[in-house]
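The exercises below ask you to read a model carefully, one feature at a time. Try each task on the structure before you turn to its solution.

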Amino acid sequence: MYSCLEGEAPPARLEGVRVVGRRIVRLEETDSTNNRALESMEDGTVFVAERQSAGRGRRGRRWHSAPELGLWFSVALDGPLPGLTFAAALAMRDAAASCVALSVKWPNDVCYAGRKVCGILVEQRNHRIALGIGVNVNHQQEDFPPSLRHCATSLSLAVGAPWDREAFLRKLLLRLDESVAQLRRGEGDLLRMEWIRAIDIVGKRIRRGALTGCVTAVEPDGALLVQSGGSLHRVACGDVSLLSP
Ligand code: BTN
């Protein structure tokens, strides 16, 4: 596992990648790394920030970006790239797999023991995509705001030891580079099938707001089809919880 101290100067590019990490821009502070990626003209450039003053989460939420503890970064990509969110969640799970078993939770969270370790926010402006990834790396429970303590955790809390953020960033970017190459080769369906297996939600009973029902299928765009009473509902976003069978 990663437990070495952060020592080496961080590279400004990753060797051996096709796209993701060809250039790495380090920022001490920015509003949101997704903004930097959306402005960028360079396919594959990664913007990593030590702190974000206005980090964004899904559904207009604020993303808590504590300095020194996490990885807050965005990859600028030429779009469109359908399936990118699925591919990114799998890449995160796989990059950590030699140290810790993470699970992928619909729609795009990566969790340990039911608590969120990583969030993914893909935004698009014209043909520019920002793949934004936030990973809680070396947080202790008290580093999260009180409102998040019951639902958030970090890689370090999961394994009981500190992680080298730089080494993990490198590993994750290499894995993301593979995933983007797969999507661009037209292998999105394979990745989507792997993601559907990973979220493991078909056949399960869920609650989403006032709706409870059984998930019968996952649509190509990731939306859930939920059978409730006599009708079928399409659930494209939101927070779902699993109910006991
Ligand atoms: C979520 O709500 O789960 C998505 C969170 C995404 C957070 C990351 S941190 C880096 C990038 N910049 C942002 O403003 N958001 C994403």
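**Exercise 1. Confidence**

What pLDDT does the protein chain average, and what percentage of the residues score at least 70?

Solution. The model is predicted, so pLDDT (the predictor's confidence in each residue, from 0 to 100) comes first. The protein chain averages a pLDDT of 94, and 96% of the residues score at least 70. Next, turn to residues 1-6, where pLDDT stays under 50 and for which the model has 19 contacts (heavy atoms within 4.5 Å) beyond four places in sequence. In this predicted model, local features need pLDDT of at least 70 and side-chain atom pairs count only at pLDDT 80 or more, while totals for chains, interfaces and linings use all residues. Residues are numbered from 1 along each chain as its sequence is written, and side-chain values use heavy atoms, with hydrogens and water left out.

**Exercise 2. The open sheet**

Determine the strand order of the seven-stranded sheet, and then place helix 2 against it.

Solution. Strands are DSSP runs of E of at least two residues and helices are runs of H or I of at least four, both numbered from the N terminus; two strands pair if DSSP finds at least two bridges between them. By these criteria seven strands form an open sheet with mixed pairing, in the order 1-2-3-7-6-5-4. Its edge strands, each pairing on one side only, are strand 1 (24-30) and strand 4 (103-105). From one strand to the next the twist averages 25°, where axes are lines fitted to C-alpha atoms (for helices over the stretch in contact) and angles run from 0 to 180 degrees between N-to-C directions. Within the sheet, strand 3 (residues 70-78) and strand 7 (residues 128-136) run antiparallel and are joined by nine bridges, with leucine 77 standing opposite isoleucine 129 in strand 7. Helix 2 (residues 84-96) packs on the sheet, where the strands that it touches include strand 3 and strand 7, and its direction makes about 150° with that of strand 6 (115-125).

**Exercise 3. The ligand**

Which residues are closest to the ligand, and how many surround it?

Solution. Counting residues with a heavy atom within 4 Å of the ligand, 19 surround it, and the closest are Ser32, Gln52, Arg56, Arg58 and Lys116. Polar contacts (pairs of N or O atoms within 3.5 Å) can then be listed atom by atom. A polar side-chain atom of glutamine 52 lies 2.9 Å from a nitrogen atom of the ligand, whereas arginine 58 places a backbone N or O atom 2.7 Å from a ligand oxygen atom. The protein covers 99% of the 410 Å² of accessible area (Shrake-Rupley method, 1.4 Å probe) that the ligand has on its own.

**Exercise 4. Backbone exceptions**

Locate two cis peptide bonds and two non-glycine residues with positive phi.

Solution. The search starts from a general expectation: most residues other than glycine have a negative phi, and most peptide bonds are trans. Glycine 79 and proline 80 are joined by a cis peptide bond with omega about -5°, and proline 80 lies in the loop between strand 3 and helix 2. Another cis bond, with omega about 0°, joins tryptophan 106 and proline 107, the latter in the loop between strand 4 and strand 5. As for phi, arginine 59 has a positive value near 55° and lies in the loop between strand 2 (46-52) and strand 3. Aspartate 200, with a positive phi of about 50°, sits in the loop between helix 5 (188-199) and strand 8.

Definitions and conventions
A polar contact is a pair of N or O atoms within 3.5 Å; within protein, one must be able to donate a hydrogen and the other to accept it, and residues adjacent in sequence count only if both atoms are side-chain atoms.
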